[in-house]
Structure formats: C-alpha cells, structure tokens
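Student: Before I rely on the words used for helix packing and charge pairs, I would like to see how each one is earned. Could we go through them one by one?

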2 protein chains.
Amino acid sequence: MAFDTAPARDHPLSDSVLAQLFTEARTRNAWTDRPVSEDLLRKLYDLTKFGPTAVNNTPARFVFVTSPEAKARLIPLMSEGNQTKSMQAPVNVIIGMDLDFHEHLPKLFPHAPGAKDWFADEAARRESAFRNASLQGGYFMIAARALGLDVGPMSGFDPAGVKAEFFAGTSVEPDFIVNLGYGTDENLFPRSPRFTFEEAAVVL
Amino acid sequence: MAFDTAPARDHPLSDSVLAQLFTEARTRNAWTDRPVSEDLLRKLYDLTKFGPTAVNNTPARFVFVTSPEAKARLIPLMSEGNQTKSMQAPVNVIIGMDLDFHEHLPKLFPHAPGAKDWFADEAARRESAFRNASLQGGYFMIAARALGLDVGPMSGFDPAGVKAEFFAGTSVEPDFIVNLGYGTDENLFPRSPRFTFEEAAVVL
C-alpha cells in the first residue's frame, strides 16, 4: 500500500512507539546470546545515514566488533567495569569520527563545490567532526531501538589504545562505544532522575 | 489498553514510522506560520530527556526562541544564509551545553555519590559536555520528528555572540541551533548522497 511508506508529515507517533524509542527504553548492562545479523547491522546503518549533519558531512564511522578475535582486541582496552558486559553483548560498535571528512565533501555536498575549503582550519574541523559524529551516534541509538534492538553506550575505554588498534594510519579517532543486541533486565540501574523542563529549558 | 503503553522489546517499527523518523525526513529550509505550542515543546523535552548520556549527565540546555523580541536578539547573530529561514521558523532552539554539569551529578546519578569528582579535569569535562549535549541534540531532533514536527539544524552563527546574549554569566555554551516547526518543500535541497555501508562501516 502506498500509504504505508509515504512520508508522514504532522503525524505524532503513538505512545507505544514513543515508549520504545524514549520513555521506556533503558540502557542495558546485560545481554542475551541472541546474535545480531549483518543484514540487521546494514539496515541500522541505512537508517542512521539519513540523520541530518552539517553540510551532510556524516563524519561518523562504525566498526562493528562481533568475532571473538576482534573482541579480544577491544575488550582489554575498555574500563574494568565495562569489560564483562561488553564481552557478553553480541556486538560492540566503535563509533569513530573522521577528522578529514572535508575530503569527501565534493561527493557528499555536490551542490557547493567549494565546501571542502570551508574546513581548512584543523581545530574547526575537529569540532565539526566531534559534534556531527556524536549527533550521528544519537541517531544510531534511536534507530537501533526502532529496529527492536537495545543499546548500552560507554565512554570508559582507552581512546589512544582504540585509535592505535582499530584506526591506525587513518584520520579517524574513536568517539564512543555502544553495546548492541537484545538486553536483559539483569544489572539494570534504577531509572535516574532527569531535570524538569524548568531546570533545563526556557521559552523566550 | 495496557498493550498500547507497555515497553515493546524486539519489535521493529513499521516502514512508515522509519520513513517519518529517518528515511523520508528532510532538513527544512522554509516554514509555515503554524505555531508550536509550549505544551508541545514540553512534550518534546520530556522525550529528549530520557535519551542515554554518560553517567546520566544530560548536559544539554534548551533555549526556545519564539517571541519577536527574542528573535530580534538571535537572528543578527546568525550567518546571513541562515537568517531568513530562522526568522520564518516559529521556534529557534539554541541547544547549549553546561560545562559544569558535574555539579548536578549528586542529583542526576545518585547511586554513585563520588561521580562529581570523576570530572574534576576541565578539558575532560568539556569533552564530555560536548559529546553528550550533541547526543541529546540528536535525540531532540528525532523526538521532534516523532511528534510530527520538522527540524532544520544549523552551525552557522556567532558562538561568542550567542554565549554573550543568551548564556552570559553561566557555565553554558552554545552547541548548535535548530529551527523547529512545520516545514514546507520550498528551498528543499535535493537529497545529498550518503556513504555506502562499505565506505563508512566494517564488520570485524
């Protein structure tokens, strides 16, 4: 039916969808052994890639760590508290950021042929890479939940070690790592408090 | 019905939902004059706040610019190319990041009373604020689409000017700005190319 895939504008989604994506979703700290197929990882990427980034620079790079051999390279570089759950999760995703994303702008942003030159300054380029790769990390986690997966993001790892082990000789640096799979309720934190609207927002 | 609001685990969402959130959603450059109620802004915040952040630090702060007076303070600080559309959009959202988020960790992460001290180093704290506020910016935009709204994110503005005008005397700095409302197809860019899976990802 055409209706099923037409873009739905001004159409608030149901409470059950909002619960799956936001209000009832939880960071998981334990995982079933159910694997995640490469087909599903590709589907996840194909949602993530459409999220908006500055001049479509899409600086995020995704290393899906799934094999025992690859896990043996990654897990020792993680903080002790993150090792057991990361070993258990069927996939550990290293989300990297390409600091030389501007080299790809002639392809990614073809209607502005000079866009590459807007990012000649290295510090400004790093800032844009960090901001936009992190935005893409946000899209990635919500997209995973939209596909029925659970996520567990982590910053506790040795960045220089992960750079050397997985991104040596490239312009990519690690941003953060996400465990991915089908979570269990084991070791679930009690839901932590959130700021009220008044504490975090203002309408002017 | 209890079923409607129960957390839906391992339940891939429909193609029409994925289209609304990702595959058919577009950055909007022109806006209808339909307003966005404060009630809807609060609903949007109440989805965004549940997205995962490191030690639940939720460093993003949201300034919803809606009145002519507030717009008159913001628009001149934006790049020329962003001014007309930002004037037209019913809401401009300044997404800020609180560099002193650690002060709030005794409240936000109560089960680890020492969490505040993990962020004594200012450079590491700035990095965490930037990463996690940007993640929250990603959640915010997908949540807006989930509520039937359109978004138009922008990095083209004077950060020092926005800091001075909206965050003077605070530990908050601007991250990026999002136009929010109900978009039109006017000035819509042609969809730009995205990296293939092989170009941006690898399975190990």
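Tutor: Let us begin with a term: a crossing is called right-handed if the near helix is turned clockwise from the far one by less than a right angle. Helix 2 of chain B passes helix 7 of chain B in just such a right-handed crossing. Please keep in mind that this is a predicted model.

Student: Why are helix 2 of chain B and helix 7 of chain B called oblique to each other?

Tutor: Helix 2 (residues 15–23) and helix 7 (residues 122–146) of chain B pack at an angle of about 135°, with their axes 9 Å apart. Roughly perpendicular covers 65 to 115 degrees and roughly antiparallel begins over 145, and an angle of about 135° falls in neither range; the two helices of chain B are therefore oblique.

Student: Which residues make the contact between helix 2 and helix 7 of chain B?

Tutor: Helix 2 of chain B contributes B:Q20, B:L21 and B:F22, while helix 7 of chain B contributes B:I142, B:R145 and B:A146. Sorted by class, the residues of this contact are 4 nonpolar, 1 polar and 1 charged.

Student: What makes helix 3 of chain A oblique to helix 7 of chain A?

Tutor: Helix 3 (residues 38–48) and helix 7 (residues 122–146) of chain A pack at an angle of about 130°, and their axes are 9 Å apart. Since that angle also lies between the 115 and 145 degree limits, helix 3 of chain A counts as oblique to helix 7 of chain A. The crossing of these two helices of chain A is right-handed. On the side of helix 3 of chain A the contact involves A:L44, A:L47 and A:T48, which meet A:Q136, A:Y139, A:F140, A:A143 and A:A144 in helix 7 of chain A. This contact of helix 3 with helix 7 in chain A has 6 nonpolar, 2 polar and no charged residues.

Student: How do you know that A:R73 forms a salt bridge with A:E165?

Tutor: The closest N and O atoms of A:R73 and A:E165 are 2.7 Å apart, and the criterion asks for a distance within 4 Å, so the pair qualifies. A:R73 lies in helix 4 (residues 68–74) of chain A and A:E165 in helix 8 (residues 159–166) of chain A, so the pair ties together parts that are 92 residues apart in sequence.

Student: Why are A:R73 and A:E165 called partly exposed?

Tutor: Partly exposed is the class between 20% and 50% relative accessible area; A:R73 belongs there because its value is 33%, and A:E165 because its value is 35%.

Student: What makes B:R126 and B:E173 a salt bridge, and which parts of chain B does the pair tie together?

Tutor: The side chains of B:R126 and B:E173 come to 3.1 Å, N to O, which is again within the 4 Å limit. B:R126 lies in helix 7 of chain B and B:E173 in strand 4 (residues 172–181) of chain B, so parts that are 47 residues apart in sequence are tied together. Set against the 20% and 50% limits, B:R126 at 38% is partly exposed, and B:E173 at 24% is likewise partly exposed.

Student: How many salt bridges does the structure hold over all chains?

Tutor: The structure holds 26 over all chains. Some residues are joined in a network of salt bridges, as A:R28, A:D150 and A:D185 are.

Terms used: Residues numbered from 1 in each chain as written. Chains lettered and ligands numbered in written order. Predicted model: local features only at pLDDT ≥ 70, side-chain atom pairs only at ≥ 80, totals over all residues. Heavy atoms only, no water. Axes fitted to C-alpha atoms, helices over the stretch in contact; angles between N-to-C directions. Helix = DSSP H or I, 4+ residues; strand = E, 2+ residues; numbered from the N terminus. Parallel < 35°, antiparallel > 145°, perpendicular 65-115°, else oblique. Contact = heavy atoms within 4.5 Å. Nonpolar A, V, L, I, M, F, W, Y, C, P; charged D, E, K, R; others polar. Buried < 20%, exposed > 50% of the residue type's maximum accessible area, 1.4 Å probe, protein only.
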